[in-house]
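Got the model open in your viewer? Let's walk through it one selection at a time.

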Amino acid sequence: MASGAVGGIEVSVVVPTYNEERNIGTLLRALDEALHGIPYEVVIVDDASQDKTIEVVNATPISGHLVVYKKPKRTGKPESLAIGLKIANGRYISFLDADLEYPPKAIAQMYHKALETGADIIAAARIDKRPLHRRVISWGAKLLAKLMIRELRRLRDPTTELILAKKEALVKVGFEKYAKYIKPITAALRHTAKLGYKIAEVQVEVTPRQHGTSSFKTKWITAYLRELMDLTDWLIPKYIAVALAAALIAHILNPAIGIASLAVSLAIRYIPLRRLINPLGLVTAEAASTALKIVTASLVGIFPAWLIASALEVALVTWLR
C-alpha cells in the first residue's frame, strides 16, 4: 500500500518491523518531524507481525510518501532489508530499526552531512548509552572489525547499524547478498570503501529501546566472527595453517641450511597468501614475534612463549595486510 506522490524523493527510510505496535507510531512521528522540508518516504517492510503494527502505521499521518509491504509469512529481517532496498524510490537509502535505539533525527543530520561533504555514504558513529554489557560487546566488535578489515580502520564505528547511502552504491555492491549478515552495514561499508565510494561519519547517541525486548542473541557473536572471516577471505585460518606448515618445513631444513630456513619459511607463507598479505607486513610480524618469543621464553617457558608470539604474529599480519 502506498500514499502520496513518488517523484523527486531524496531520502527513503526502510523500516523492518515485527510486532512493533508500541514503537512504530512514535518512530513515524519523529521521522516526520526530523525530515520536515526534505522530500522523503518511509518504506515499512513488515515481517508478518502478530500485533497491530500495520494498523498503527496506517493510523499515523505523515507528510512524506508511505509504502507498506506486509510479508505473508515471517522470513526474517535480512529479507526485509533486501525487499526495502528494492522498492525504495529515494536517491539516498537509510535502514532504521523501529526500536528507537537510533534517533530518527539522525537521518536528517546525516542527509545534510552528505550534501555538505559530497560523501556517498554517511555512517552513524555511536555515542552508546545502552547497558554496559551491550557497550562492551559493541566495543569488542568494533575492535575486531578495525583489526581485520583495513578499509574500515579510519572509521570510528565500523559496526554501526545506521547509514545513509546513495542507492546506486548499495545496488552496485549487491547489498542484498549481505542483508543476511548479522552486521550487513559493516559488509556494505567495506565493499563500498573498496570500490572508492566516499564515506563520512556523524556522531549519534544510541539509547536502549523504549518498548519491547531486545532481539540480541549471544549466538550472534559467533555468527559475526564468521562474517568477519568471510569479509577477509578467511585470512586468519588460512595463515595459521600455512604458517604451521612453514614452521615444520623450516625446522626440518634448519640443520642443513641454518638461518636460510627462515627465508624459506617466509616464502612458504607469502607465496600462497600473496593476495591477502604484503611482504613488509609479513617480515615485520615475523621479526616482532621472534623477538617476543626470545624475551618471554625464559620467563614463561618455551611453549607458552611460542603461543604468545604466534598470537602476536597473526595479529600483526592481519593488521598490516
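Start by selecting Asp46. With a relative accessibility of 0%, Asp46 counts as buried, because anything under 20% does. You'll find Asp46 in strand 3. Keep in mind as you look around that this is a predicted model.

Now show the side chain of Thr17 as well. A polar contact of 2.7 Å joins the side chains of Asp46 and Thr17. What else is Asp46 in contact with, leaving aside neighbours within four places in sequence? Besides Thr17, the list has Tyr18, Thr53, Ile54, Tyr69, Lys70 and Lys71.

Keep Lys71 on screen and add Asp47. The side chains of Asp47 and Lys71 form a salt bridge, with 2.8 Å from N to O. Asp47 sits in the loop between strand 3 (40-46) and helix 2 (53-59), while Lys71 sits in the loop between strand 4 (65-70) and helix 3 (77-87), so this pair ties together parts that are 24 residues apart in sequence. Are these two buried or exposed? Both Asp47 and Lys71 are buried.

A word on pairs like this: side chains of opposite charge can pair when their charged atoms come close. A search of the whole structure finds 14 salt bridges, so there are others to visit.

Next, select Asp120 and Lys166. Here the closest N and O atoms of the salt bridge are 3.3 Å apart. The two partners come from distant parts of the chain, 46 residues apart: Asp120 is in the loop between helix 4 (105-117) and strand 6, and Lys166 is in strand 7 (residues 163-166). Asp120 counts as buried at 14% relative accessibility, and Lys166 is buried too, with a relative accessible area of 19%.

Then move on to Glu201 and Arg156, whose side chains meet in a salt bridge of 3.7 Å, N to O. Glu201 belongs to strand 8 (residues 199-206) and Arg156 to the loop between helix 5 and strand 7, so the pair ties together parts 45 residues apart in sequence. Glu201 counts as buried at 11% relative accessibility, whereas Arg156 is partly exposed, with a relative accessible area of 43%. Before leaving the salt bridges, add Arg74 to your view: salt bridges that share partners join Asp47, Lys71 and Arg74 into one network.

Time for a helix. Select residues 132-148, which make up helix 5. At 1.5 Å a residue, its 17 residues should span 24 Å, and the end C-alpha atoms are indeed 24 Å apart, so the two agree. Which residues of helix 5 are buried? Colour Arg134, Ser138, Ala141, Lys142, Ala145 and Met148. These buried residues cover an arc of only 145° around the axis, which puts them on the same side of helix 5. Turn to the other side of helix 5 and you'll see Leu132 and Trp139, which are exposed. To see what covers the buried residues, show strand 6 (121-128), helix 9 (219-231), helix 10 (235-257) and helix 13 (302-319), which are among the covering parts.

For the last stop, select helix 8 (residues 184-194). This helix is mostly covered, with nine of its eleven residues buried. The buried residues of helix 8 include Pro184, Ile185, Leu189, Arg190 and His191. Step just past helix 8 to Gly196, which takes a positive phi of about 95°.

Key
Residues numbered from 1 in each chain as written. Predicted model: local features only at pLDDT ≥ 70, side-chain atom pairs only at ≥ 80, totals over all residues. Heavy atoms only, no water. Helix = DSSP H or I, 4+ residues; strand = E, 2+ residues; numbered from the N terminus. Expected span 1.5 Å × (residues − 1). Buried < 20%, exposed > 50% of the residue type's maximum accessible area, 1.4 Å probe, protein only. Arc of directions from axis to C-beta. Contact = heavy atoms within 4.5 Å. Salt bridge = Lys/Arg side-chain N within 4 Å of Asp/Glu carboxyl O. Polar contact = N/O pair within 3.5 Å; in protein donor to acceptor, adjacent residues only side chain to side chain.
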